[in-house]
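Here is a small set of exercises to try with the structure open beside you. Have a go at each task before reading its solution.

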Amino acid sequence: MPTPIAPPPMQESLLSVGGRRIFVAETGDGPPVLLLHGGGPGASGVSNYTRNIADLAKDHRVIVPDLPGYGRSSKGVDGTDPFGDLAAGIRGLLDALGLDKAHLVGNSYGGACALRLALDTPDRVDRMVLMGPGGIGTTRALPTPGLSSLLGYYSGDGPSRPRLERFIRNHLVFNAADVPDSVIDARYEASIDPEVIAAPPLRRPSGPYALRTLWRMDFTRDDRLSRLPVPTLVLWGAADKVNRPSGGRMLARRMPNCDLYEVANTGHWVQFERAELFNRLCADFLAGRR
């Protein structure tokens with residue numbers, strides 16, 4: 001696999017948004033696009049999109065936040081409505097950056113954040129790219145082994161590097177050899193931040209309102225999905241072991257302006273595993289060339 005261009009130097013800032021801090025890195029000029037990362041242990045914005053930022057920055061102002069609960073942003077996410085809380089944080093970030101609207105690109109947890117933001121305030125989203133987003137048909141089947149591994153990382157014996165490596169190599173990607181040890185090392189160190197351990201940003205809903213939370217977190221239960229006007233490209237790895245590829249077909253059937261591209265021999269991390277393909281499809285879609 002050819003090595004994509006490494007991320008260029010980026011301007012970094014820590015912005016106050018609704019009483020919490022959101023870390024942002026950005027580079028490039030042009031229409032703004034926010035890259036929203038996934039929710040696995042130790043995830044962060046720039047690390048999630050390290051193989052994509054340089055290409056997208058050729059034609060766009062690329063803005064890469066750490067979602068609330070991750071990286072250098074404030075920790076803690078509202079467990080009764082996590083997707084809504086993330087969406088409110090990113091909408092507040094748009095306000096803080098002085099942006100009326102932007103393109104959104106979201107992987108997994110970040111895809112769920114993007115979709116919820118678009119459903120709540122479609123006027124704030126120009127075009128949207130979703131890669132294996134969370135919250136698609138999750139109340140219609142039992143969790144996948146990959147999702148169970150992700151959600152259980154902080155339970156039982158607690159976080160460990162072997163536990164994280166098993167999740168990444170066995171569930172996150174199609175070809176385990178594609179992930180360097182350095183990526184696992186960095187994510188493990190981030191995953192054991194005491195603030196994160198005290199308040200994991202992604203966990204199984206629990207308590208008296210758990211069923212209501214689960215229902216709210218399944219976008220296929222939301223009637224607004226069939227009326228969402230935002231042009232959307234869904235990319236889904238055909239071998240995704242975290243979120244079922246059938247979720248892509250659910251979205252394509254329900255959303256009126258949705259294109260679906262299922263990527264062969266690819267797991268949950270399309271933008272990393274198939275970076276050149278992703279960069280080309282994403283750039284064409286955001287520019288309105290498809």
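The exercises below use a predicted model, and each one comes with a worked solution.

**Exercise 1. The largest nonpolar core**

Task: find which residues of the largest nonpolar core touch the most other members, and which helix gives the most to this core.

Solution. Step one is to look at the membership: the core holds 58 residues, and Leu 34, Leu 115, Met 128 and Leu 251 touch the most other members. Step two is to look at the helices: H4, residues 109-120, gives the most to this core, with eight residues. Step three is to look beyond it: another core of 24 residues lies apart, and Ala 25, Val 33, Val 62 and Leu 277 are among its members. As background, nonpolar side chains tend to be buried together in soluble globular proteins.

**Exercise 2. Two residues of one neighbourhood**

Task: list what Leu 115 is in contact with, leaving aside neighbours within four places in sequence. Then decide whether Leu 225 is buried or exposed.

Solution. Start with Leu 115: its contacts are Met 128, Leu 130, Ile 136, Phe 219, Leu 225, Leu 228, Leu 251 and Met 255, once neighbours within four places in sequence are left aside. Now move to Leu 225, which sits in the loop between H9 and E7. The relative accessibility of Leu 225 is 0%, so this residue counts as buried. Not counting residues up to four places away in sequence, Leu 225 touches Leu 115, Leu 119, Phe 219, Thr 220, Leu 251, Arg 254, Met 255 and Pro 256. Finally, take one of these partners, Arg 254: Leu 225 and Arg 254 are 29 residues apart in sequence, with C-alpha atoms 6.5 Å apart in space.

**Exercise 3. How H3 and H4 pack**

Task: work out how H3 and H4 are oriented to each other, and which residues make the contact.

Solution. Two packed helices are described by the angle between their axes and the distance between the axes. For H3 (residues 82-96) and H4, the angle is about 75° and the axes are 8 Å apart. The range 65 to 115 degrees counts as roughly perpendicular, and H3 and H4 are therefore roughly perpendicular to each other. On the H3 side, the contact is made by Pro 82, Phe 83, Gly 84, Leu 86, Ala 87, Ile 90 and Arg 91. On the H4 side, Tyr 109, Ala 112, Cys 113, Arg 116, Leu 117 and Asp 120 take part. Sorted by kind, the residues of this contact are nine nonpolar, one polar and three charged.

**Exercise 4. Classifying ring pairs**

Task: classify the ring pairs Phe 83 with Phe 219 and Tyr 153 with Tyr 154 as stacked or edge-to-face.

Solution. The model has five aromatic pairs. For Phe 83 and Phe 219, the ring centres are 5.5 Å apart and the planes are at 15°, so this pair is stacked. The pair joins distant parts of the chain, with Phe 83 in H3 and Phe 219 in the loop between H9 and E7, 136 residues apart. Both rings belong to buried residues: Phe 83 has 4% relative accessibility, and Phe 219 has 2%. For Tyr 153 and Tyr 154, the centres are 4.9 Å apart and the planes are at 85°, so the pair is edge-to-face. Here Tyr 153 is buried, at 2% relative accessible area, whereas Tyr 154 is partly exposed at 22%. As a last step, trace the cluster that ring pairs form: Tyr 70, Phe 83, Tyr 109 and Phe 219 are its members.

**Exercise 5. Positive phi outside glycine**

Task: compare Ser 108 and Asn 265 by asking where each residue lies and whether it is buried or exposed.

Solution. Begin with the backbone: phi of Ser 108 is near 60°, and phi of Asn 265 is about 50°. Next, place them: Ser 108 is in the loop between strand E5 and H4, while Asn 265 lies in the loop between strand E8 and helix H11. Then check accessibility: under 20% counts as buried and over 50% as exposed. Ser 108, with a relative accessible area of 8%, is buried, and Asn 265, at 53%, is exposed.

Methods
Residues numbered from 1 in each chain as written. Predicted model: local features only at pLDDT ≥ 70, side-chain atom pairs only at ≥ 80, totals over all residues. Heavy atoms only, no water. Core = buried A, V, L, I, M, F, W, Y, C linked by side-chain atoms within 4.5 Å. Buried < 20%, exposed > 50% of the residue type's maximum accessible area, 1.4 Å probe, protein only. Helix = DSSP H or I, 4+ residues; strand = E, 2+ residues; numbered from the N terminus. Contact = heavy atoms within 4.5 Å. Axes fitted to C-alpha atoms, helices over the stretch in contact; angles between N-to-C directions. Parallel < 35°, antiparallel > 145°, perpendicular 65-115°, else oblique. Nonpolar A, V, L, I, M, F, W, Y, C, P; charged D, E, K, R; others polar. Phe/Tyr/Trp six-rings, centres within 6.5 Å; stacked < 30°, edge-to-face > 60°.
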